[in-house]
Amino acid sequence: MDFGFILFSAAAELFSPTTAAYALAALGLAVHFGYSGLLNFGQAGFMAVGAYGFAISTLSFRVPFFVGLLIAVVCSVLFALVLGIPTLRLRADYLAIVTIAAAEIVRYVVTTNQLTSVTGSANGLAAFEGGFYTMNPFPEGTYFGMNNRDFFIRIVGWGLVAVGCVLVWLLMRSPWGRVLKGIREDENAVRSLGKNVYAHKMQSLVIGGIFGALAGMIFTLPRGAVQPANYGTELTFFLWTCLLLGGMATVLGPVIGAMIFWVVLSLTQGVLYGLIESGAVTWLTTVQAGQLRYILVGVALMLLMIFRPQGVFGNKKELAFA
Amino acid sequence: MRRTPRGLPIRRPAGLLKVWGAIASAVVALLLAAAPASQAGTPAPTPPPSNQQFQNSISGFLRDDARRPLEGVKITAKSGDFTGEATSGANGSWRIGVPNQGAWEIELDESTLPEGIKLAEGQANPRNVTFGQTSNLSVIFAFGKGIVVQQQDFGQNLLNRLVAGLSFGLLLALASVGLSLIFGTTGLTNFAHGEMVTLGAVLVFGFSAMNLPFWLAVILALVGGGLLGYVQDAGLWRPLRRRGTGLVPMMIVSIGLALAVRYIIQFFFGGATQQLPFAQSAEIQIGPVSISPNNLWSLIISAVVIALIGVVLLKTRLGKATRAVADNPALAAASGIDVDSVIRIVWITGGVLASLGGILWAYYRPGVTFDMGSQILLLIFAGVTLGGLGTVFGALIGSVIVGIFVELTTVFGLAADLKYVGALFIMIVVLLFRPQGILGRRERVG
């Protein structure tokens, strides 16, 4: 078993674009749940809307990169409005059910054979990332062991995460953010102060949703393909695990949570595969080892919620629930 | 937000230990329970001895228009310089192994057909066929008058789908009644309910693979479902209620549980689709409706079980106690009802009903997979929300509406791969106009 290689690939996960995408999407969830108390179980839907909004507008309408980006963001805003209008006046778990249902609707719609010419159905879409990589300012070469494309997407992805973190930090220490936290703690108290709870919740849903859409783009760009199977409910649940790992009402928590999530996944995969290949473990196939990791994710989510709901960095007083 | 029945937040370290121990033991129990299924999952159907050298094959069944098999008919497949040949067996089946996928020319030797049998009109022979995504390509030859493509009239189709939808809706109702009872008595939105559905079907498959008789396998699966419900409540949810854990954290815990259980099932069961015994059956005609016997049985069984649940809830002391707890746990406790034992019974019942629903779902689809429960989880939620969260009869009505709606959308021209979208969409629309659901009360919403 090559521990050096296992550790190296785990460390590589720290800064991979997928981790950046998870961090950004989890940051959106932090805005939703950690700061406003909104139970969004459809973050995968927001990511799908962002990824498909960008891919379809690039491929079907041949728009330039930034127009595609804009379309993706506008789509996610519309998606947030559609979700928010019926549910934000209702109890928290209604939003949970509606968001998870809406995310699945998005997935079914992009999977259907009826729209193959637009969405590519189950095979998804590919070759839409050209516009992004032509903006690459780095000439060809090796940067920290990566080629210029990999380096560029990491810079952009983590740059976005950094900007997102600063934005959330600024927003949450503003009066607007205080109202959001107030809504999380006691909606009626905030309402009695004359604040428009519904509008604030909606704004929070939209902002977190935009984070999700951008995360969806960061998620697909390095792959050069977008496939509906990636945007199932599991993705949302993994994002929740990241969020709860780091701490839900913190700015850096979701980012660190995403890093921990991927490093631990990579480590367990490396160690398990190593044990299987060296013959130390015979009761496990490599496929089963992959499943074992997700069992661990599920158990970790339960234990986190039960024993340390504030996460690694969180403050127990700042929980969206008592 | 409503708190759990035992709302007092007493922090007890012993309780914490219990939770952890219970999770561990639940995982172990599941591993043990699911173990037989894995052994059963491995043997693949062995291909006939000839043609084994090729991975790809072209195959089919030859039957005349009275569905009698045609034996000894010669069929050749040609592509480039390769020619494969097969003769249909006693059951009319033929199979030609071919070295590559792609386009093939298939020819049926009409001189080898039994006397009086000839190809139906319009049946191209020889004909050109192309492989799709799979390694097997089936080619159908029709004989005699051939299969007349029935111009199914709209009314007939509507009626058939309506009955199928009723059958589907009732099996959804089995699962949603349990979910709704659990929500009503404990306030928990249980995302792990889909896994309880899966477990029923997986257990039947596992026990059947151990060569137990079918009826015993079903009974054991139902017992297993009830056991999972009991273990979940005793080991996880009751300690959490004791701690005074809020409803939202419990909901997230249930998501973690759902993930863990789903992948535990996949760990042992594998990712393949398996079939339960008697899964294939020809449709039969009852009056104007054509329905498969499995669907008919499913309809009858779920209707009877749901009627039973209704009688128990309305007529017995236990049912009254359950409704009292659902209505107001504190008041129920004050009037001498043992809230914890009612909740325990609700969990056990919910588990049994969910696994029964899972078995019927495995026949309805048909097939058993590790994620079959999570596929209908949202439809179950849709049914429960449509009927009114926490109301048992609402869940029943909501599920039947969802089931019928799912089936009817295909009649009215929605693509089959979008049929769940309609149901989920209608749920969102209903929330817009009547958030408390059909039978729900206004106060539960806000």
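Trainee: Which residue in S4(B) is the bridge partner of B:Phe61?

Mentor: This is a predicted model, where local features need pLDDT of at least 70, side-chain atom pairs count only at pLDDT 80 or more, and totals for chains, interfaces and linings use all residues. Residues are numbered from 1 along each chain as its sequence is written, while chains are lettered from A and ligands numbered from 1 in the order in which they are written. Strand S1 (residues 56-61) of chain B runs antiparallel to S4(B), joined by 6 bridges; two strands pair if DSSP finds at least two bridges between them. In S4(B), B:Phe61 has as its bridge partner B:Ser93.

Trainee: And which residue in S4(B) is the bridge partner of B:Asn56?

Mentor: Look along the S1 and S4 strands of chain B, which run antiparallel. In S4(B), the partner of B:Asn56 is B:Val98.

Trainee: Which side chains of strand S4 of chain B point to the buried face?

Mentor: A residue is buried if 20 or more other C-beta atoms (placed from the backbone) lie within 10 Å of its own, exposed if 12 or fewer, and partly exposed in between. Side chains alternate along S4 (residues 93-98), with B:Ser93, B:Arg95 and B:Gly97 on the face that is not buried. Pointing to the other face, and buried, are B:Trp94, B:Ile96 and B:Val98.

Trainee: Which strands stand at the edges of the open sheet of 3 strands in chain B?

Mentor: Helices (H or I, at least four residues) and strands (E, at least two) are DSSP runs, numbered from the N terminus. This sheet has the order S4-S1-S7, with mixed pairing. Each edge strand has a single partner strand, so one side of each is left without a neighbour in the sheet; these strands are S4 and S7 (136-138).

Trainee: What is the average turn between neighbouring strands in the open sheet of 4 strands in chain B?

Mentor: The order there is S3-S2-S5-S6, with antiparallel pairing. Strand S3 (82-87) and strand S6 (127-130) are its edges, each pairing on one side only. Ignoring direction, neighbouring strands are turned against each other on average by 25°.

Trainee: Which residue in S6(B) stands opposite B:Trp104?

Mentor: Strand S5 (residues 103-108) of chain B runs antiparallel to S6(B), and 4 bridges join them. Opposite B:Trp104 in S6(B) is B:Val129.

Trainee: Are H2(B) and H9(B) roughly parallel or roughly antiparallel to each other?

Mentor: Axes are lines fitted to C-alpha atoms, for helices over the stretch in contact, and angles run from 0 to 180 degrees between N-to-C directions. The axes of H2 (residues 154-186) and H9 (residues 339-364) of chain B come within 8 Å and cross at roughly 160°. Angles under 35 degrees count as roughly parallel, over 145 as roughly antiparallel, 65 to 115 as roughly perpendicular and the rest as oblique. H2(B) and H9(B) are therefore roughly antiparallel.

Trainee: Which element gives the most to the side of chain A that touches chain B?

Mentor: Residues are in contact if their C-beta atoms, placed from the backbone, lie within 7 Å. The contact takes 40 residues from chain A and 39 residues from chain B. Giving the most to chain A's side, with 14 residues, is H5(A).

Trainee: How far apart are the axes of H5(A) and H12(B)?

Mentor: Residues of H5(A), including A:Tyr94 and A:Tyr108, meet residues of H12(B), among them B:Phe425 and B:Leu431. Helix H5 (residues 92-111) of chain A packs with helix H12 (residues 419-433) of chain B at an angle of about 145°, and the distance between their axes is 9 Å.

How values were computed. Contact = placed C-beta atoms within 7 Å.
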